[in-house]
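Colleague: I have a few minutes before my next job finishes. Can you walk me through this model?
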2 protein chains.
Amino acid sequence: MTRPASPAAYRTLDPAGIRAFLAAQPALAARLGGQPDAWRVREVSDGNLNNVFLVDGPAGGVCFKQSLPHVRVDPNWKMPLDRTAFEAAYLRAVRPHVGDLTTELLHFDPDLFVLVVESLDGHVVLRHGLMQGGDWPDAAAAIGRFVARATFPTSPLALKFEDASTLLAPFARNHTLTRITVDLVLTDPYHAHPRNHWLSPELDATVAEFRADPAVRRRVGQMQTRFLTCQQALLHGDLHTGSVMVSGSDTRVIDGEFALPGPIGFDCGLFIGNLLMHLFATLTPEGRARALRDIDQFWTHFRQDFIALWTNAVTHGQSGDAYAAPLFRDDPASLRQVQTQFLDDIETDTIAFAALEIIRRTTGYAHVADFDLIADRTARAARQEAALRLARDMLAHPERTPTIAALGACAADRAR
Amino acid sequence: MTRPASPAAYRTLDPAGIRAFLAAQPALAARLGGQPDAWRVREVSDGNLNNVFLVDGPAGGVCFKQSLPHVRVDPNWKMPLDRTAFEAAYLRAVRPHVGDLTTELLHFDPDLFVLVVESLDGHVVLRHGLMQGGDWPDAAAAIGRFVARATFPTSPLALKFEDASTLLAPFARNHTLTRITVDLVLTDPYHAHPRNHWLSPELDATVAEFRADPAVRRRVGQMQTRFLTCQQALLHGDLHTGSVMVSGSDTRVIDGEFALPGPIGFDCGLFIGNLLMHLFATLTPEGRARALRDIDQFWTHFRQDFIALWTNAVTHGQSGDAYAAPLFRDDPASLRQVQTQFLDDIETDTIAFAALEIIRRTTGYAHVADFDLIADRTARAARQEAALRLARDMLAHPERTPTIAALGACAADRAR
């Protein structure tokens, strides 16, 4: 991650190149088994940025991911190659804490910017699965646990500040993808920008209204500032339902290339924002009930696990320099109070970041597929409008949805 | 700052070594003028950490500062040498913005950890000057302007986040001196630690009381967390009245070796905390009136200058990614509202950090000299007790002193 890209060594690998690359790595070749000619190489690129292939051999499979020198879905948008390096670093940082809630890093090549992780063949992308009406009742709780276990141990609540600083510093250099977040999530949707688009003319008035609302802009500015100055922990940075793979009760968070130090509510807010959009895009009462259950499960398990990790650290005198153990070890009542305050603040951030995610995913550059469930354009616009109006209220009238529970109830009402 | 110390090249220079060192630097030798033998070398070490000498020649003077491999006042407390490197980097970062509110960096030697800055011979340390009953009516306003001009331009309010991140990242590695702050300011005074000391037995009950107050400990934990996670701007990190030199209306902030990214209220709070202690240590009504005036002047000018810099940046479309200009350029009323909110939040932080400074400077490791003004031990303990009780209220009952103005009024009342 710290070495500069060496364009001379870089080339985009095609399936034959991928086969040769994997064959040259004994551990990977052994994992696949048999002869390289027999390996099946399938492109499964789905995100906006990178090439992704699944490779299967007689003994097993791997997932091969390579950065391109441009945005995959827009070759005119040039981009540095280092994003797979950040993904590799994120996996190294969080895997010891989250275990099988993410994938195992098998190999990283810093010249080709190739990342090889365990194959999740058989899993489906949670967003696609939900859109097809599938139900993974354990997934949201698992992702809540993932966020707790990826953030608490990488924060100065758990670490001496020197260790937190050393851990987080390299991720603060993830400028390329953080710039995407700053522009596409936090800024562009709130002023005229050529990358923005929406169902027009149906949503024109709604977009004009939230842009003209000074309370929205003030809150957006505040969240820009929190995103850029509040370095609570190492974040995934792009935790939407397309960054989660599920199979039965197995749930894995993938695609950590946006990793950065930031406010924990950003990870929570992106995930809840995507569940809310799924709720508004879903036409069956059962589907909506599941989306509401998932919002509740995610938040409940995140909060519960985060507090449990924290209490355990303080009790064993192994907490970090923030809320230092000597002040709280012998005062469990005070510890509970500061934990409640800390988590309440994350909840407030979460609700605001969820609103930003809804707005940018319906009126900005990159939209979510969930609303494609609604074939009729007028009906689709109506559901997006309802989601946008909720998002506007979440920003301009936070007192109406002060908690995730209140937000769920309000969303259930408006998505009916 | 990024190169490791090379102990082989390092040696502590004595006056003869200092003369030879300066003679070998043509620009410095020319500034001093004449022959090295004729230069006067005077030790003026005053802080706890480093050797400081003033060197005068026929043409002019310089200030020579060198890190020692230990705390100057405690040779058994070993310490890395890199602190003068951070001071040099801080001067390079802020001098373009603050001009003659700090000193000019003339030379830095990364092997000897020697920093040479312009001489302020003729100036006095503000703390000493105030203790002798001197009055510098412009000083507090100047320091308020210094904090505004050192923090706004180094924050993502003014900078693209990439530039803010690149500027701040090296200072996040200032682990040695940040550890001193974390331990001595933010943690040790709140539990039994061998470095703590106070006027005992006179203050024993007061110390026991604030340590036993759960509301104090909760607020201290919160400020630990803000100090370690809220990276608003580049801070001086040790802005007490001993870090300021004055002469007439000329005011200079020195000793930036504690520089780090952090919450702006930390710099403000340390300075106001020291003015409050001076207020409580001062026995004349005139001296107390000047201390109150200084608190007001510092805060008024800090706030005014910070907002003016911000408004100017937004108006010219040159602001950063936090509170991004496209959202506020055409809405001055909203800009004023977010500025008020941002500065109010700094004010809240300032009051809490000022309280921590009072507590650590009367019951922790390094005390302030101001209370030595009171020869009678019982009277001295009574004034420290009053200061400590105010600090406890600032932490446990923030609603009693919600603003700097209210704090000043309350302090004036209790210091009478």
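Modeller: One term before we start: contact means heavy atoms within 4.5 Å. Also, this is a predicted model.

Colleague: Fine. Which residues does A:Thr187 touch, leaving out those up to four places away in sequence?
Modeller: Its partners are A:Val182, A:Gln224, B:Ala324 and B:Leu327.

Colleague: And where is A:Thr187 placed?
Modeller: A:Thr187 lies in the loop between H7 and helix H8 (204-212) of chain A.

Colleague: Is A:Thr187 buried or exposed?
Modeller: Buried, because its relative accessibility is 6% and the cut-off for buried is under 20%.

Colleague: How far apart are the C-alpha atoms of A:Thr187 and A:Phe280?
Modeller: They are separated by 24 Å. Along the chain the two residues are 93 apart.

Colleague: Let's do the interface. How many residues does each chain bring to the contact?
Modeller: Chain B gives 39 residues and chain A gives 39 residues.

Colleague: What area is buried between chain B and chain A?
Modeller: About 3500 Å². Carbon and sulfur atoms give 60% of that. On the chain B side, B:Phe161, B:Arg218 and B:Leu327 supply 19% of the area buried against chain A, more than any other three residues. B:Leu327 is also one of the residues that A:Thr187 touches.

Colleague: What about polar pairs across the interface of chain B and chain A?
Modeller: There are 22 residue pairs in polar contact, both partners at pLDDT 80 or more. On chain B, the elements giving two or more residues to the side that touches chain A are H6, H7, H9, H12 and H13. H9(B) has the largest share there, with 10 residues. By class, that side of chain B has 17 nonpolar, 15 polar and seven charged residues.

Colleague: How many salt bridges are there between chain B and chain A?
Modeller: Six. In one salt bridge, the side chains of A:Arg217 and B:Asp331 meet at 2.9 Å, N to O.

Colleague: Which residues are linked in a network of salt bridges?
Modeller: The network links A:Lys160, A:Glu162, A:Asp321, B:Arg179, B:Asp183, B:Asp188 and B:Arg195.

Colleague: And how many salt bridges does a search of the whole structure find?
Modeller: It finds 68 over all chains.

Colleague: Pick one within a chain.
Modeller: Take A:Arg179 with A:Asp183: the closest N and O atoms of this salt bridge are 2.9 Å apart. Both residues are in helix H7 (residues 175-185) of chain A, and they are separated by about one helical turn because they are four residues apart. Both A:Arg179 and A:Asp183 are buried.

Colleague: Any that link distant parts of a chain?
Modeller: B:Lys160 and B:Asp321 form a salt bridge at 3.5 Å, N to O. They are 161 residues apart: B:Lys160 is in the loop between helix H5 (139-151) and helix H6 (161-168) of chain B, while B:Asp321 is in the loop between helix H11 (285-315) and helix H12 (325-328). B:Lys160 has 40% relative accessibility, so it counts as partly exposed. B:Asp321 is buried, with a relative accessible area of 4%.

Colleague: Got another?
Modeller: B:Asp349 and B:Arg226, with a salt bridge at 2.7 Å, N to O. That pair joins helix H13 (residues 332-363) of chain B, which holds B:Asp349, to helix H9 (residues 214-229) of chain B, which holds B:Arg226, and the two are 123 residues apart. B:Asp349 is buried at 4% relative accessible area. B:Arg226 is partly exposed at 24%.

Colleague: New topic, backbone. Where is the peptide bond cis, with omega near 10 degrees, in chain A?
Modeller: From A:Ser200 to A:Pro201. A:Pro201 is in the loop between H7 and H8 of chain A. In chain B, the bond from B:Ser200 to B:Pro201 is cis too, with omega near 10 degrees. B:Pro201 is in the loop between helix H7 (175-185) and helix H8 (204-212) of chain B.

Colleague: Any positive phi values outside glycine?
Modeller: B:Phe113 has one, about 55 degrees. Its place is the loop between strand S6 (105-109) and strand S7 (114-118) of chain B. B:Phe113 is buried, with a relative accessible area of 4%. B:Tyr323 also has a positive phi, near 50 degrees. That residue is in the loop between H11 and H12 of chain B, and B:Tyr323 counts as buried at 4% relative accessibility.

Colleague: Last one. How many residues of H10(B) are buried?
Modeller: 18 of its 18 residues, so the helix is mostly covered.

Key:
Residues are numbered from 1 along each chain as its sequence is written. Chains are lettered from A and ligands numbered from 1 in the order in which they are written. This is a predicted model: local features need pLDDT of at least 70, side-chain atom pairs count only at pLDDT 80 or more; totals for chains, interfaces and linings use all residues. Side-chain values use heavy atoms; hydrogens and water are left out. Buried means under 20% relative accessible area, exposed over 50%, partly exposed in between (1.4 Å probe, protein chains only). A salt bridge is a side-chain nitrogen of Lys or Arg within 4 Å of a carboxyl oxygen of Asp or Glu. Buried area is the accessible area (1.4 Å probe) that two parts lose on being put together, summed over both. A polar contact is a pair of N or O atoms within 3.5 Å; within protein, one must be able to donate a hydrogen and the other to accept it, and residues adjacent in sequence count only if both atoms are side-chain atoms. Ala, Val, Leu, Ile, Met, Phe, Trp, Tyr, Cys and Pro count as nonpolar, Asp, Glu, Lys and Arg as charged, and the others, Gly among them, as polar.
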